[in-house]
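User: I am new to this structure and would like to understand the terms used for it. Please set each value against its definition.

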Amino acid sequence: MSPGLKLGAFGLLLAAVLGGGALVGAAAGPIDVGGGSEHTGATHDAASTEVEVGSTELPAGGLMVAQDGYRFEPEDRTADAGPFAFTIVGPDGRPVESYELLHDRELHLIVASRDLQQYAHVHPERDEDGRWSVDLPPFPAGSYRAFADFQPAAADQYTLGVDLTAPGAAPPAVSLEPQSVDTVDEYDVTLDRELTGAGSQVTVTIRRDGQVVTTEPYLGAAGHLVALRDGDLAYLHVHPLDDEPAGPVRFAVEVPSAGTYALFFDFQVDGVVRTARFVIDAAAPPPAPADHSDAGPGDAHD
Ligand SMILES: [Cu+2]
């Protein structure tokens, strides 16, 4: 099957999801769907997630450095290799020292380049004064955004973002092309997308020597998927639909707008975490004529 047909189907689906959000009166917010029971105490299906998403105020996460009195304060704005330290300052002006666990961790730090070619997902250590620190990997010169994904105790979950720079002469910008297959070391990782009733679903399949590989649990899930929008790096956090890893990993994905998104999939096999990268073009389809209602999603896009 050509990538174009799959992309077309996904674009149609995304438009449907976006429409659902508009019905409840607000744009979609940071997405946490499937396996979201740690937030609500109850399993919810795609339909209920859509309402929950629609009730938030922002189109996506990670676009602001401060929200509701919480601020992401890095000690420096350099994305060079080695120590990176920051605090999350709360509404009382003091470093936040008490967090809820999100996927086995108090805080997830994502660093991505503005051109979406570079990505790192790391877990800083917090000291007793609320100062977080972690060693960043070496990055090529260029513009970056760091995202802190966390939930203060008895508060909402936040994704705050701040711009960083890796010093040096930045390489020329690379335009993103749709990509549904990535090869990481000896693993071939494939992204497939399909319509499923009220929501959308992506399936990530990992193969080694042509055989499907089952991932090991990582951060309490079969894999960890982050989606970033090309243009502003709006951040969507998505999680597996399956509780237990077994073969391909399924995710529910809803995006706040048409556009190009890079998807970064962290997975663990044999104790090593690797990241596969995909690019999807979530273009809104043209209005479908009523007399073509029996056309398949792939047909409708053309
Ligand atoms: Cu993390």
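User: What share of the contacts in the chain between residues at least 6 apart in sequence join residues at least 24 apart?
Analyst: The share is 69%. A contact here means that the C-beta atoms of two residues, placed from the backbone, lie within 7 Å.

User: How do you know which parts of the model carry low confidence?
Analyst: This is a predicted model, in which local features need pLDDT of at least 70 and side-chain atom pairs count only at pLDDT 80 or more, while totals for chains, interfaces and linings use all residues. Residues are numbered from 1 along each chain as its sequence is written. The pLDDT is the predictor's confidence in each residue, from 0 to 100. The chain has a mean of 77, and 69% of its residues reach 70 or more. Over residues 1-58 the pLDDT is below 50, and over residues 292-302 it stays under 50.

User: Why are strand 4 and strand 5 said to pair?
Analyst: Two strands pair if DSSP finds at least two bridges between them; strand 4 (residues 107-113) and strand 5 (residues 119-122) have four bridges, so they pair, in the antiparallel sense. Strands themselves are DSSP runs of E with at least two residues, numbered from the N terminus. Leu 109 stands opposite Val 122 of strand 5.

User: What makes strand 5 an edge strand?
Analyst: In the open sheet with the order 5-4-8-9 and antiparallel pairing, strand 5 and strand 9 (158-166) each pair on one side only. Strand 4 is also joined to strand 8 (residues 142-150), by seven bridges.
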